[in-house]
Amino acid sequence: MAAKTNSEMKFNDVLSKLRKGDISSLYVFEGEEEYLKEKLIRSIEKLLIDPSGREIDYVNINYGEKSKKITPAYIKNEVFTPPFISKRKLVVIKNSGLFSSVKKTDIKNDEIKELEGVLSSIPESACIIFSENKIDKRQKGLVDVIKKNGILADISKPDIRTIRTWVVKELERYGLKIQPYACDIFIERNESSLMQMTGELDKLALYLKSSGRDIITKEDIENIGIQDLK
């Protein structure tokens, strides 16, 4: 069987490479599952960043929370600034909009070409991660550059069976179990969002600890969990 190309990578593929110490200079994570994207970012940070140099060697910017737009010149300046003490400088850029449809953004064609040049020449002293909700695959030149020089990964919401397993494993950390039907209700109410479910599991764990029980029921979900807005 042929090996997966970068464009076919999923969460587990990227994580497997990281566990082997195989770290790319460029990552573009596409998808709605913020929990899994954050887990990959934290894994890369742990591998590259010396905690004593984190403030200098780790840049993390969410452009979804800013009015200004990012420019290829800014990216180039950051990745070509060498790390102070860490193995590499890590630049994390979220919701840049650089990979959206050109018609939906104010990025110009010459900026796209400039960005392609920057992403084609990232030094070994740097690692850059883009975390985006959607990548417009019609930007073929940009997508080809990503696949050639780094990893493009689809970090979408897992299927229901995978989420059930994840919930059970997370509860094992608290010494708790959950009834199968209660598990499905819990997942549905949280719209399969792992990030949201993490906080809700903490609430349920505290509640069961105070009540002296170790099995989460449908009633616990209804009484303590997020409301069923449907």
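Residues 1–7 have pLDDT under 50 throughout, and the model places 7 contacts beyond four places in sequence for this stretch. The model is a predicted one, and where pLDDT is low, the predicted coordinates should not be read in detail. For the protein as a whole, the mean pLDDT is 89, with 91% of residues at 70 or more. Among the elements, helix α5 (residues 109–119) has the lowest mean pLDDT, 88, while strand β4 has the highest, 97.

Strand β4 belongs to an open sheet of 5 strands, whose order is β2-β3-β4-β1-β5 and whose pairing is parallel. The edges are formed by β2 (58–62) and β5 (151–154), each of which pairs on one side only. From one strand to the next the twist averages 10°. Strands of a sheet pair through backbone hydrogen bonds, either parallel or antiparallel. Within this sheet, β1 (residues 26–30) and β4 (residues 126–132) run parallel and are joined by 5 bridges. One position in that pairing is F29, whose bridge partner in β4 is S131. Helix α2 (residues 34–48) packs on the sheet, where it touches β1, β2, β3 (89–94) and β4. The direction of α2 makes about 170° with that of β4.

Helix α2 also takes part in the largest pocket, since α1 (11–19), α2 and α7 each supply at least two residues of its lining. This pocket holds about 400 Å³ of space. It is lined by 16 residues, of which F11, N12, L36, P158 and T162 are the closest to its centre. The element that gives the most to the lining is α7, with 5 residues. By class, the lining of the largest pocket comprises 7 nonpolar, 4 polar and 5 charged residues.

Helix α7 appears again at an enclosed space. The model has 1 cavity of 30 Å³ or more, and the largest cavity contains about 30 Å³ of space. Two elements, α7 (160–172) and α9 (194–211), give two or more residues to the lining of this cavity. The lining residues are W166, E170, R173, Y174, T198, L201 and D202. Here α9 gives the most, with 3 residues, whereas in the largest pocket that place belongs to α7. The lining of the largest cavity divides into 3 nonpolar, 1 polar and 3 charged residues.

Taken by element, then, α2 packs on the sheet and contributes to the lining of the largest pocket. Helix α7 contributes to the lining of the largest pocket and to that of the largest cavity. Strand β4 pairs with β1, is touched by α2, and has the highest mean pLDDT among the elements.

Notes: Residues numbered from 1 in each chain as written. Predicted model: local features only at pLDDT ≥ 70, side-chain atom pairs only at ≥ 80, totals over all residues. Heavy atoms only, no water. 1 Å grid on protein atoms, 1.4 Å probe; cavity = no way out; pocket = protein on both sides within 12 Å on 5 of 7 lines; lining within 4 Å. Points joined across faces, edges and corners; volume = space filled by probe spheres on them. Helix = DSSP H or I, 4+ residues; strand = E, 2+ residues; numbered from the N terminus. Nonpolar A, V, L, I, M, F, W, Y, C, P; charged D, E, K, R; others polar. Pairing = 2+ DSSP bridges. Axes fitted to C-alpha atoms, helices over the stretch in contact; angles between N-to-C directions. Contact = heavy atoms within 4.5 Å. pLDDT = per-residue confidence, 0-100.
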